[in-house]
Amino acid sequence: MMNFFYELERMKHLMNSLLDTPFFWEEVREGRLNYANIYENESGYMIQMLGPGVKKENVEVNYENDLLTITIHKPEEKMEDVRWIRRERLQPVETRSYRLSADLDPTKIEAKLVDGVLLVFLPRRAQRETKKIDVKVK
Amino acid sequence: MEKRTIIPATDIYETQDSYVVLMEMPGIDKSTLSVKVEDDRLVVEASSVEVGKEWKVVDTEFELGKYHREFRVGPKVNREKIEASYEDGILKIVLPKAEDFKPRQIEVKTA
């Protein structure tokens, strides 16, 4: 038997993904901004993430055991004594991790926050010379 | 390629003296930002900064492009004094309430 509620949920997701602006804001508010674009050039990779309203102190970029973790904390906004008329903005709280390949140099990772856009640069290691080792066979 | 138009997510709240609009517009080119009042509409437009051509896309989960959104401005707003500021990817527009519509105590006259 078809599960009507399941189909309804699926439809909502589809509607949200088709439109530029989510059709069901309440649905999305429960979720969180969780998007990243990744770019590459000769010198390395760049991760681009959105954090509108986010300040430098709300962002954490950690590297440990080949794992790069980016956390964007919710910025504190003091909103007392106001009457909300419309609320569409999502919570920009999120953590995302990326496993880095060995050809990237973890000591040269850089992060930059410009107008609510977080850019993390992951430069490649300087080209290593290939060394030929003779294998002696006895 | 034609840039996609994004409707920025917006919060609006009311205080005693004004209406405040907060619009999420991360990564815009500030020279393209325009906030104007036309007839009874508040029109906001901007384009986002593009990633340099030397960067090849590996994975895309969101798109940036042109932002556009309009709101109707009622008679309760003092249009002469609308102010806008842009910080950390948020456009804040303060629309002060017209004097006539501010709460006030009405004196009761007795004969």
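Select B:S18 and B:P96 to begin with, since they are bridge partners, B:P96 being the one that belongs to strand β9 of chain B. The model on the screen is a predicted one. Extend the selection to the two strands around this pair, β3 (residues 18–24) and β9 (residues 90–96) of chain B, and you will find them running antiparallel and joined by 7 bridges. Now colour β9(B) by burial: 5 of its 7 residues are buried, so the strand is largely enclosed by the rest of the structure.

On to the other partner of this strand. Select β8 of chain B, residues 83–87, which pairs with β9(B) in the antiparallel sense over 5 bridges. A convenient pair to display here is B:E83, which stands opposite B:V94 in β9(B). Where β8(B) and β9(B) form their hairpin, 2 residues lie between the strands, and B:D88 takes a positive phi near 50 degrees.

Keep B:D88 selected, and add A:K55 from the other chain. These two form a salt bridge, with their closest N and O atoms 2.4 Å apart. The pair crosses between the chains, running from the loop between β8 and β9 of chain B, where B:D88 sits, to the loop between β2 and β3 (59–64) of chain A, where A:K55 sits. At 33% relative accessibility A:K55 counts as partly exposed, because that value falls between the limits of 20% for buried and 50% for exposed.

Next, select A:R89 and B:E24, another salt bridge, in which the closest N and O atoms are 3.0 Å apart. A:R89 lies in the loop between β5 and β6 of chain A, while B:E24 lies in strand β3 of chain B, so this pair too joins two chains. Both ends count as buried, A:R89 at 8% relative accessibility and B:E24 at 10%.

Stay in the loop between β5 and β6 (94–99) of chain A, and select A:E88. This residue is buried, with a relative accessible area of 4%. Which residue has a side chain that is joined to the side chain of A:E88 by a polar contact of 3.0 Å? It is A:R86, as you can check by showing both side chains together. The side chain of A:E88 also has a polar atom that lies 2.7 Å from the backbone nitrogen of B:T10.

From A:R86, look across to B:I12 in β2 of chain B, which stands opposite A:R86. The two strands concerned, β5(A) and β2(B) (residues 10–14), pair in the antiparallel sense over 4 bridges.

It is now worth showing the whole contact between the chains, which takes 38 residues from chain A and 36 residues from chain B. Together the two chains bury about 3400 Å² between them, and 55% of that area is on carbon and sulfur atoms. Across this interface there are 8 salt bridges and 20 residue pairs in polar contact. On the side of chain A that touches chain B, β1 (36–41), β2, β5 (83–87) and β8 each supply at least two residues, and the residues of that side divide into 18 nonpolar, 9 polar and 11 charged.

For a closer look at chain A, select strand β8 (residues 117–123), which is mostly covered, with 5 of its 7 residues buried. Strand β2 (residues 44–50) of chain A pairs with β8(A) in the antiparallel sense over 7 bridges, and within that pairing A:G44 stands opposite A:P123. Strand β7 (residues 110–114) of chain A is also antiparallel to β8(A) and is joined to it by 5 bridges, with A:L113 having A:L118 as its bridge partner. In the hairpin of β7(A) and β8(A) there are 2 residues between the strands, and A:D115 takes a positive phi near 45 degrees.

The last stop returns to chain B. Select B:E14 and B:K97, whose side chains meet in a salt bridge of 2.9 Å, N to O. B:E14 lies in strand β2 and B:K97 in the segment after β9, so the pair ties together parts of chain B that are 83 residues apart in sequence. Both B:E14 and B:K97 are buried. Finally, select B:K36, B:E38, B:R41 and B:E70 together, and you will see that they are linked in a network of salt bridges.

Methods. Residues are numbered from 1 along each chain as its sequence is written. Chains are lettered from A and ligands numbered from 1 in the order in which they are written. This is a predicted model: local features need pLDDT of at least 70, side-chain atom pairs count only at pLDDT 80 or more; totals for chains, interfaces and linings use all residues. Side-chain values use heavy atoms; hydrogens and water are left out. Buried means under 20% relative accessible area, exposed over 50%, partly exposed in between (1.4 Å probe, protein chains only). Two strands pair if DSSP finds at least two bridges between them. Contact means heavy atoms within 4.5 Å. Buried area is the accessible area (1.4 Å probe) that two parts lose on being put together, summed over both. A salt bridge is a side-chain nitrogen of Lys or Arg within 4 Å of a carboxyl oxygen of Asp or Glu. A polar contact is a pair of N or O atoms within 3.5 Å; within protein, one must be able to donate a hydrogen and the other to accept it, and residues adjacent in sequence count only if both atoms are side-chain atoms. Ala, Val, Leu, Ile, Met, Phe, Trp, Tyr, Cys and Pro count as nonpolar, Asp, Glu, Lys and Arg as charged, and the others, Gly among them, as polar.
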